[in-house]
Amino acid sequence: MSNTIYQELQDKDSDIKKTKILQALETEDLSVQFTDSLDNEMVLNMGPQHPATHGVLRLLVSLDGETVMKCVPELGYLHRGYEKLAESCTYHEFIPHTDRLDYLSPMANNVAYALAVEKLIDLEIPERGKYIRVIIAELARIQSHLLAMGALVMDIGAITPFLWAIREREKILDLYDVICGARFTTSYTRIGGVAQDVTDESLAATKVFVDEFSANLQEIRNLVERNKIFIERCEGIGYLAKEECIELGLTGPLLRACGVSRDIRKDAPYLVYDQLDFRVPTYPDSDCLARYYVRVEELVESTNILKQCLEKIPKGPHTALQSKKILPKKERVYTKMEELIHDFMIINFGVNPPKGESYTAVESSKGELGFYTISDGSGNPWRMKIRSPSFANLQALAPMMKNCMISDTVVIIGSVDPVMGEADK
Amino acid sequence: MSKFVQTKLMKPERLELLKSKLQNFTINYTEVNGTPALYITKENIIDVCKILKSDNDLKFDSLLDAISVDWFEKKDRFEMIYNLTSIDNNERIFLKIKLDSKAPAMQSLTQVWGSANWYEREAFDMMGIDFINHPDLRRMYMPEEFEYYPLRKDFPLMGIPDSIPLPNK
């Protein structure tokens, strides 16, 4: 009797149309097949509102006991349609939107976008502007990696290193406040340069930060790196073979943690990176611990780059002088007829790049951040494709999580360090 | 050519080598701001990609992005652009494939590079391009029930009212 009821229930169950994401979870490569719901298979829905998923990442995890059999990431909870929006914005109007892509390092996105548009209109900016951009981009890398390492350690259970990392990060936000007037949504770069020059005071404040940073970073590292719990929870977890990493199109710290020395700052230098002396840290292990160490050593390298930039930064103009493409200064707009006309034309009709396509990539803290821009000769881009590193890196989450324990999932997400604003666009 | 060399250009002799390896196929060579771009016909795409990936001299082992474009023209309205990188040789090329206006479809490149999986799902979601032999062709960002393709030029910027049903209370 009870058997027939159960059978009926099962038949009824199979009638319910399964959503596509559930179908994606059920594939033949699941080694165990379950027929009885009282078996120990379990489908766990993790996120989108989960503190360890670093935003609104949703994971559907199929479990056998405590072992993850398969995992299907689901994106789109922060999708704002920036690529569609870009088609209706002029090139200048899109700059504030780039802040909201990777909101943990907004300055790096500003720089990447400005470089992309400048390549399209074939424009070179003055040396001082380039140095300013390197300084803010490296500050952004420190800002992002500090949160990545702090959050990874916090996911494992250590709160203090996270708080100390946030304390250092707060200083960078204060520096941004001095440099550009905003802490978070900076929108500092302009096409052809930056919004305003850095003052000597802000450079001095940056120098103070850089000088203190090495000791403060060492303080955090002392707490973490010889901790038995930390090492045991990271070592060998989330392993992905080198070939697979390349196959999945990973970039940034994830790729360097499997022994591939790929860094666009070295391989295809932009701005003034070819004049700076720094090295690209790599680790061969390709596990969570290696990714942690790559990020930490990049922090050290970034401080070296900052030190060199602060010494080398030349005097001179920060923005190129090409009044038909670049927004003129406000005081000139109010006093000069010529600039008033250009200002009117740029604001109303935009900079009109020649017909054509262009791709520019920079090494952001997460990997290769690129803008593929297609111009039809008008003021708005015809198509703007954002190559966001987090999106590509998240694809590696499923193979990394295969056959790991459920408690390791948070560590693996922390080591991938996705930012959903960027992955969802 | 741009004044600042941002992406290292492929040397002319290397491009000649690439051309000689692919001489059996009809390919139209152009460039994207200094980077070589190859127009490939839909029929040849898998064969060409297999050579590009497995040839020991070329070694384009990393597929970094797939870009879908709506040109909004009567003929060959859609276009897919693939961003290929060789890590060993530090070179980059773009593959371009023109697609039909009415039913844009092409072979999925997941058969060659695993990373094409999500990129093509995104192109399917945003532009409605059908990828044949794709293992898991679902929408990437939009909800499953959504019927439109938002990045097409005929989709209004402000969206279509009631296109996403509100959840039942």
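Where does D122(A) lie? Select D122(A) to begin, and you will find this residue in the loop between α5 and α6 of chain A. The model in your viewer is a predicted one, and the predictor gives the complex an ipTM of 0.89 together with a pTM of 0.87. With 16 C-beta neighbours inside 10 Å, D122(A) counts as partly exposed, since a residue is called buried when 20 or more other C-beta atoms lie within 10 Å of its own and exposed when there are 12 or fewer. Add N227(A) to the selection and draw a distance between the two C-alpha atoms, which are separated by 51 Å although the residues stand 105 apart along the chain.

**Helix α6 of chain A**

From the loop that holds D122(A), move on to α6(A), and select residues 127–156 of chain A. The 30 residues of α6(A) should span 44 Å at 1.5 Å a residue, and the end C-alpha atoms of this helix are indeed 44 Å apart, which agrees with the expectation. Of those 30 residues, 28 are buried, so the helix is largely enclosed by the rest of the structure. Just after the helix comes G157(A), a residue whose phi is positive, near 130°.

**The largest nonpolar core**

Next, select V111(A), A112(A), I136(A), I412(A), M80(B) and Y82(B), which are the residues with the most contacts inside the largest nonpolar core, a set of 162 residues. Helix α6 of chain A gives the largest share of this core, 18 residues. Both domain 1 (4–74) and domain 2 (82–424) of chain A give residues to the core, so it lies between them. In soluble globular proteins, nonpolar side chains tend to be buried together. Before leaving the core, centre the view on Y82(B), which, leaving aside its neighbours within four places in sequence, is in contact with L63(B), A66(B), F94(B), L95(B) and L109(B).

**The two domains of chain A**

Now colour chain A by its domain assignment, which gives domain 1 as 4–74 and domain 2 as 82–424. The centres of these two domains, taken over C-alpha atoms, are separated by 36 Å, and the contact between them takes 15 residues from domain 1 and 17 residues from domain 2. On the side of domain 1 that touches domain 2, the elements to select are β2 (58–64) and β3 (67–74) of chain A, which give two or more residues each, and β3(A) supplies the largest share, six residues. By class, that side of domain 1 has nine nonpolar, four polar and two charged residues.

**Where chain A meets chain B**

Turn the view to the place where the chains meet, and you will find 40 residues of chain A in contact with 33 residues of chain B. Several elements of chain A each supply at least two residues to the side that touches chain B, among them α5 (106–121), β6 (356–363), β7 (368–375) and β8 (381–387). The largest share of that side, six residues, comes from β6(A). Sorted by class, the side of chain A that touches chain B has 14 nonpolar, eleven polar and 15 charged residues.

**Chain B by itself**

Hide chain A for a moment and follow chain B, which has three helices and seven strands, arranged along the sequence in the pattern α-β-β-α-β-β-β-β-α-β. Taken along the principal axes, the C-alpha atoms of chain B fill a box of roughly 65 × 35 × 30 Å, and buried residues make up 38% of the 169 residues in this chain. Chain B averages a pLDDT of 84, with 94% of the residues scoring at least 70. Over residues 1–5 of chain B, however, the pLDDT is below 50, and this stretch has eight contacts in the model beyond near neighbours in sequence.

**Two last stops in loops**

Most residues other than glycine have a negative phi. Select K59(B), in the loop between α2 (45–54) and β3 (62–70) of chain B, which has a positive phi of about 55° although it is not a glycine. K59(B) is partly exposed, with 15 other C-beta atoms within 10 Å. Then bring chain A back and select N403(A), in the loop between α17 (397–401) and α18 (409–416) of chain A. N403(A) has a positive phi of about 65° and is not a glycine, and with 10 other C-beta atoms within 10 Å it is exposed.

How values were computed. Residues are numbered from 1 along each chain as its sequence is written. Chains are lettered from A and ligands numbered from 1 in the order in which they are written. This is a predicted model: local features need pLDDT of at least 70, side-chain atom pairs count only at pLDDT 80 or more; totals for chains, interfaces and linings use all residues. Two residues are in contact if their C-beta atoms, placed from the backbone, lie within 7 Å. Helices (H or I, at least four residues) and strands (E, at least two) are DSSP runs, numbered from the N terminus. Ala, Val, Leu, Ile, Met, Phe, Trp, Tyr, Cys and Pro count as nonpolar, Asp, Glu, Lys and Arg as charged, and the others, Gly among them, as polar. Domain bounds come from an automatic or database domain assignment. pLDDT is the predictor's confidence in each residue, from 0 to 100. A nonpolar core is a set of buried Ala, Val, Leu, Ile, Met, Phe, Trp, Tyr and Cys residues joined through C-beta atoms within 7 Å. The expected span of a helix is 1.5 Å times one less than its number of residues.
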